[in-house]
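Let's take a walk through this model, with the structure open beside the text. Keep the viewer handy and follow along stop by stop.

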Amino acid sequence: MRMPDAERAQLRREGLKTALLMAPAVIVFIGLFVAPLAWFFVQSFWRNATFRVVPDFQFGNYATAFRDYGGVLLRTLGTGLEVGGITTVLAFFFAYAVRFALGRAGPLILVIALTTLFGGYVVKVYAWRSLLGLDGILNGALMAAGLTDAPVEALLFNAGAVTVTLTHYLLPLAILPLYGALADMDETVIAAARDSGASAPRTMFDIVLPQIRPALIASFAMSFLLAAGDYVTPALVGSPGNAMYGNFIQSQFGLRMNTPLGAAMSFSLLGCCLLILATVWLVMRRVLRAR
Amino acid sequence: MAAASLLELRGLTRRYGTMTAVQPIDLAIRENDFFAILGPSGCGKTTLLRMIGGFVQPSDGYVLIGGRDVTRLPPDKRPTGMVFQNYGLFSHMTVRQNVAYGLRLRRRPRAEIGAEVERMLDLVHLSPYADRPAKDLSGGQKQRVALARALILKPKVLLLDEPLAALDLQLRKAMHQELLAIHEAIGGTFILVSHDQTEVMTLANRVAVMSGGRVAQEGSPTEIYDRPADPFVARFIGDANLLPARRTGGVILLGDGAPPIPSPGADAAVDVMLRPEALRLVAGHGSGLRAYIEQVVFQGSHVRVHCLAKQAGGAEMRVTATLGRDVLPAGSGQGAAVSITWAEGAPLVLPAGA
Ligand SMILES: Nc1ncnc2c1ncn2[C@@H]1O[C@H](COP(=O)(O)OP(=O)(O)OP(=O)(O)O)[C@@H](O)[C@H]1O
Ligand SMILES: [Mg+2]
C-alpha cells in the first residue's frame, strides 16, 4: 500500500526535526568522545621509540599491559568490585530506609546525603586523610577513650583507607538511581507479597530487588567503574605498594611518555571492566528474576 | 452462642497525627458471614481493612481471629488475604506467576500449583492472559488478577477492598455470582468494601455503614434498608425522601392533605423517610400529600417523578416517587396536580439530621 504524499511529507518533516534537535549533542559526542577514543585505540597498536611514536600494527603493548601489569590489573578490578559491591549495598539500605522507614524525616536525610556531592572529590580525600591520619580525629578519639596509647598507624596509607574513601565518595551517586527506583515502587506491592505469606526477607528477594534490578545494576556499574578507574585516591591515602592500574596508566602518559602502552593499558582496563559488568548483569538477571 | 464469631474487633482505633481515621470500633463477624462495609470516600474503610490484614498498626484496640489475638502479628503470619484497592500486582511477573506466588511460598507440589492456578484463572476469565506480564493489563484485568491471587490461598478472612470497582456491569454481575459460589465453597469470612449498594445487597448478609471513622449502623441488608438509624444511613443506602417536619403532641403532619403520622415521643424536629418506591401518585388534589409534578424522568423499567409539595410550615420540599410506567396517572406532565399517597407503615421517623 502506498502512503499518501501528505503523510509522507509529514513524516519527512518530523524526521528532519528530530535530526536537527539531536545534531548538537551528536557533534559534541563524536568530536569530544568518540574521535579521541578512536585515535588512542589506533595508537595502542603503535610502537614507542625513543621520544617518538611509530605507526605499526602489533599487540606488544597489550601483551605488556597484561604481563607486566597483570597483578595490578587484578588488584584494581578486585578493589573496584569490593567498592562497587559495598557501595551498592549501603546505598540500597540507605535508599530503602529513606523510602519506607524514615517517614517524614526521610527526604531531609536524603537531601543532606546528596549535599555532600557539592564538596569536591579531592576535598573528601583530604578529609579522610585528616580523619584517619596519625594526628587525625579517629586516633585522637581512640587515645582519649584509652583504647590505645600511641596513634594507630594502620588506619591510613593502605588498601582499607582507599576502599573507605572511595565508598564514601561514591555513596551519594549510587543512592540516586536506587532511591528513584524505590520511590516509583508501589508500597501495596510489598503489602501484597507479605499478604501472600512472604516473610520480610523473602519479599525483599522475590519482589523488591527484582523490580529495581536496573537501578541496582546502574548503581553498581557507576561505583565499580569510577572505583576501578580511580588514581587520585590511591595516590593520596593508599600505600605505594597498592597503587592501582590507573596510577600506572597515568605514569605511561606522563613520566614515561609511552602513549601507545598507556593507551593499550587503558583499553585493557576498559575491556576487563565491561566484561565484568556484562557478567554482573547476567548473574543479576539470573538471580533476581521472577519466579 | 450459636455461631462463635471468627473475627472480632475490640476498640480498634487508628489515628494519623491529630486526625482519627478510625474511631474505636467494636465488631464481631461470624464464620460464614459475607460482611459488607459501606461508606463515603475517606471514612476509614481501607484503614480498617488494612488493620485487620496487618498492614496498618492500630493506635489502640485488638484484632482477634478465631479467638486468637493477632494484633501484633505481621500479615504473613495472619490467616487473612486481601484484595487491594489499587491491586498491588507484582509487575515483574506474569499473570500466572502472580497467582501462583502464594502457593509457591507454601511449597506445594508443582503439578498441584499448576492445576489450581488454571482453575483460578478460568474463574476470573483470565486464562487467555496467563502468560502476559501483569503490568500490561487493563485496570479490570489487574483487579481480577488481584482477586485470583487472594482467593487461591483460601484465607479464613478475605478482605476485599472494592474488588470489582473497575469492572463493567456485565462482568461485575458475573463476578458477583462467582464470589457467592466461592464463598459457599471455601467458607470463611468475606469482608467487602464497596460503594455499590446493589453489590452489597446482592452479596452480603451483614452490612456496616461507616461515616467519619465510626460505624453508623450495622445489621442485615434489609434491616439497614428498611430501618436506617439516621438520615445519613437512609440516604446512603438506596434512594430516600427525607422530609423535614415537626412532631407535635405525638403526631407528625407532613403537609397539605397528608394523613397525620402517629409518632410517640417529645415534640422535636424530625426527618420522615419515605422510599421513592413506596409512593403512589393519584391525579388531582384528593386525599394525599398535595403536590405538582416538576419533572418525569424515564429510567427504563420505571420512571422517576419529581414532585414539589409544601411542608406544614409552608416551605417547598421535593418528593420523588419511583413508579412502574403503567401506574403513572394519565395526563401527568410537568405542572400537573397530583396527590402522593403511601401505605400506613411506610413512613419512618428519624431524628432530624444534616
Ligand atoms: N498514611 C496515612 N497518613 C495520613 N492520613 C491517612 C493515611 N491513610 C489514610 N489516611 C486518612 O484516613 C482517612 C481514611 O482513609 P481511608 O483510605 O481508610 O478511606 P476510605 O474509606 O478507604 O476511602 P475510599 O472510599 O476513598 O477508598 C482519610 O481521611 C485519609 O486521608
Ligand atoms: Mg479505600
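What follows goes from the ligand to the open pockets, then to a closed cavity and a pair of rings. Keep in mind throughout that this is a predicted model.

Start at ligand 1. Which residues come nearest to ligand 1? Out of 13 residues around the ligand, the nearest are Ser41(B), Gly42(B), Lys45(B), Thr46(B) and Thr47(B). Zoom in and you can pick out some polar atoms facing oxygens of the ligand. Thr46(B) puts a polar side-chain atom 2.6 Å from an oxygen atom of ligand 1. Gly44(B) does its part through the backbone, with a polar atom there 3.0 Å from a ligand oxygen. Glu162(B) has a polar side-chain atom 3.5 Å from an oxygen atom of ligand 1. On its own, the ligand exposes 640 Å², and the protein buries 60% of that. Two elements of chain B give two or more residues each to the shell: strand E2 (19-30) and helix H1 (45-53). H1(B) has the largest share, at three residues. Sorted by class, the shell comes out as seven polar, four nonpolar and two charged residues.

Next, look for open space in the protein. The largest pocket holds about 620 Å³. Its lining counts 22 residues, and the ones closest to the centre are Phe100(A), Glu187(A), Ile190(A), Ala191(A) and Phe55(B). So where does the rest of the wall come from? Chain A brings helix H3 (70-101), helix H8 (187-195) and helix H9 (200-211), while chain B brings strand E1 (5-16), each of these supplying at least two lining residues. H8(A) gives the most, with five residues. The chemistry of this lining is a mix: 12 residues are nonpolar, five are polar and five are charged.

Now move to the second largest pocket, with a volume of about 440 Å³. Here 17 residues form the lining, and Gly229(A), Ile249(A), Ser266(A), Leu269(A) and Leu270(A) lie nearest the centre. The elements giving two or more residues are helix H1 (5-43), helix H12 (245-253) and helix H13 (259-287), and these belong to chain A. H13(A) has the largest share, with seven residues. What classes of residue line this second largest pocket? There are 13 nonpolar and four polar residues, and no charged ones.

There is also some enclosed space to find. The count comes to one cavity of 30 Å³ or more, and about 40 Å³ of space lies in it. Its lining draws on both chains: Phe205(A), Asp206(A), Arg289(A) and Arg291(A) on one side of the list, Met93(B) and Tyr101(B) on the other. Three of the lining residues are nonpolar and three are charged, with no polar ones.

Last stop: the aromatic rings. How many aromatic pairs does the structure hold over all chains? The total is 19. One to look at is Phe40(A) with Phe253(A): the ring centres sit 5.7 Å apart and the planes meet at 85°, so this pair counts as edge-to-face. Phe40(A) sits in helix H1 of chain A and Phe253(A) in helix H12 of chain A, so you are looking at a link between distant parts of the chain, 213 residues apart. Both helices came up earlier, as elements giving residues to the lining of the second largest pocket.

Terms used
Residues are numbered from 1 along each chain as its sequence is written. Chains are lettered from A and ligands numbered from 1 in the order in which they are written. This is a predicted model: local features need pLDDT of at least 70, side-chain atom pairs count only at pLDDT 80 or more; totals for chains, interfaces and linings use all residues. Side-chain values use heavy atoms; hydrogens and water are left out. On a 1 Å grid over the protein atoms alone, a cavity is a set of points where a 1.4 Å probe fits but cannot get out, and a pocket is an open set with protein on both sides within 12 Å along at least five of seven lines; lining residues have an atom within 4 Å of a point. Grid points are joined across faces, edges and corners, and a volume is the space filled by probe spheres set on the points. Helices (H or I, at least four residues) and strands (E, at least two) are DSSP runs, numbered from the N terminus. Ala, Val, Leu, Ile, Met, Phe, Trp, Tyr, Cys and Pro count as nonpolar, Asp, Glu, Lys and Arg as charged, and the others, Gly among them, as polar. A residue is near a molecule or strand if one of its heavy atoms lies within 4 Å of it. A polar contact is a pair of N or O atoms within 3.5 Å; within protein, one must be able to donate a hydrogen and the other to accept it, and residues adjacent in sequence count only if both atoms are side-chain atoms. Accessible areas come from the Shrake-Rupley method with a 1.4 Å probe; for residues, only the protein chains shown count as cover. Rings of Phe, Tyr and Trp (its six-membered ring) pair if their centres lie within 6.5 Å; planes under 30 degrees apart count as stacked, over 60 as edge-to-face and the rest as tilted.
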